[in-house]
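Biologist: Please take me through one part of this model closely, the nonpolar core. Then show me how the rest of the chain sits around that picture.

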Amino acid sequence: MDEKKVKELKKKSKGFLGEFQKFIMRGNVIDLAVGVIIGAAFQAIVNSLVNDIVMPLISMITGGIDFSNWFISLDGTHYKTLKAAQEAGAATLNYGTFITAVINFVLMAFVIFLLVKFLNSVADKLHKNEAEEAPTEKTCPYCQSKIPIKAVRCPYCTSSLED
């Protein structure tokens, strides 16, 4: 290869890698990566909530029904549990697992709704406090008129407001 082609090739690869680096370092890509990681951890918490707390309560309310053993064996044989059917190598339609996944989704959506609602209320309170902390008017001590906060003389009674 001649020297000119080598320079062009290096320039193109540097440009592509440079663009890729810009893409990766943008804030929204990093925020997305953090969100995915936190979401995965959050999913583990919700799965535990559903599998260890909610499903046993639902099972108790429904008289001991265990959703994990709700399945249809596609080979026509009746198995007592899903585990037994899987050990026998039978194909199964696991609709109880699907019900658990739907409950997981609804609970996760509800918890995220509550979290966003809480964060929005906190943000609203912070913005409200910021607005309250910066008054734009004051009261003239002589005529009790509302005047701009930076005024050094009252426009109504012409009193000097400097100490």
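Modeller: The largest nonpolar core has six residues in all: V46, V50, V54, M55, F67 and I103. Helix α2 gives the largest share of this core, four residues. That helix runs over residues 27-61. Keep in mind that this is a predicted model. A general tendency helps here. In soluble globular proteins, nonpolar side chains tend to be buried together.

Now pick out one member of the core, V54. Set aside its neighbours within four places in sequence. V54 is then in contact with L49, I103 and L107. One of these partners, I103, is itself a core residue.

Step back to the whole chain. The protein chain has 163 residues, and 15% of them are buried. Its secondary structure comes to four helices and four strands. In sequence order the pattern is α-α-β-α-β-α-β-β. Look next at contacts with a separation of 6 or more. Residues 24 or more positions apart account for 25% of them.

What about the outside? The accessible surface of the protein chain is about 13,200 Å². Carbon and sulfur atoms hold 65% of that surface. There is also a nonpolar patch on the surface, of about 640 Å². Its residues are F20, F23, I24, M25, I30, V34 and I38. Two helices, α1 (3-25) and α2 (27-61), each supply at least two residues of the patch. Helix α1 gives the most, with four residues. So α2 has a part in two places: it contributes to this patch, and it gives the largest share of the core.

Take F23 as an example from the patch. F23 lies in helix α1. Its relative accessibility is 39%, so F23 counts as partly exposed.

Now move to the loop between β3 (137-139) and β4 (146-148), where S145 is placed. Is S145 buried or exposed? S145 counts as buried, because its relative accessibility is 19%. The cut-off for buried is under 20%. Leave out residues up to four places away in sequence, and S145 touches K138, T139, C140 and Y156.

Q144 is in the loop between β3 and β4 as well. Q144 counts as exposed, because its relative accessibility is 55%. Its backbone deserves a glance. Q144 has a positive phi of about 65 degrees, although it is not a glycine. T158 also has a positive phi, of about 60 degrees, and it is not a glycine either. T158 sits in the segment after β4.

Last, the cysteines. How many disulfides does the structure hold? The count is zero. Two distances help to explain this. For C143, the closest cysteine sulfur is in C154, at 3.6 Å, so the pair is too far apart for a bond. For C157, the closest cysteine sulfur is also in C154, at 3.7 Å, and this too is too far for a bond. The cut-off for a disulfide is sulfur atoms within 2.5 Å. C143 has a relative accessible area of 29%, so it is partly exposed. C157 is partly exposed too, with a relative accessible area of 26%.

Return to the core to finish. Helix α2 supplies four of its residues, and V54 has contacts with L49, I103 and L107.

Terms used
Residues are numbered from 1 along each chain as its sequence is written. This is a predicted model: local features need pLDDT of at least 70, side-chain atom pairs count only at pLDDT 80 or more; totals for chains, interfaces and linings use all residues. Side-chain values use heavy atoms; hydrogens and water are left out. Patches are made of residues with over 30% relative accessible area and no salt bridge: like charges are joined within 9 Å, nonpolar side chains (Val, Leu, Ile, Met, Phe, Trp, Tyr) within 5 Å. Accessible areas come from the Shrake-Rupley method with a 1.4 Å probe; for residues, only the protein chains shown count as cover. A salt bridge is a side-chain nitrogen of Lys or Arg within 4 Å of a carboxyl oxygen of Asp or Glu. Buried means under 20% relative accessible area, exposed over 50%, partly exposed in between (1.4 Å probe, protein chains only). Contact means heavy atoms within 4.5 Å. A nonpolar core is a set of buried Ala, Val, Leu, Ile, Met, Phe, Trp, Tyr and Cys residues joined through side-chain atoms within 4.5 Å.
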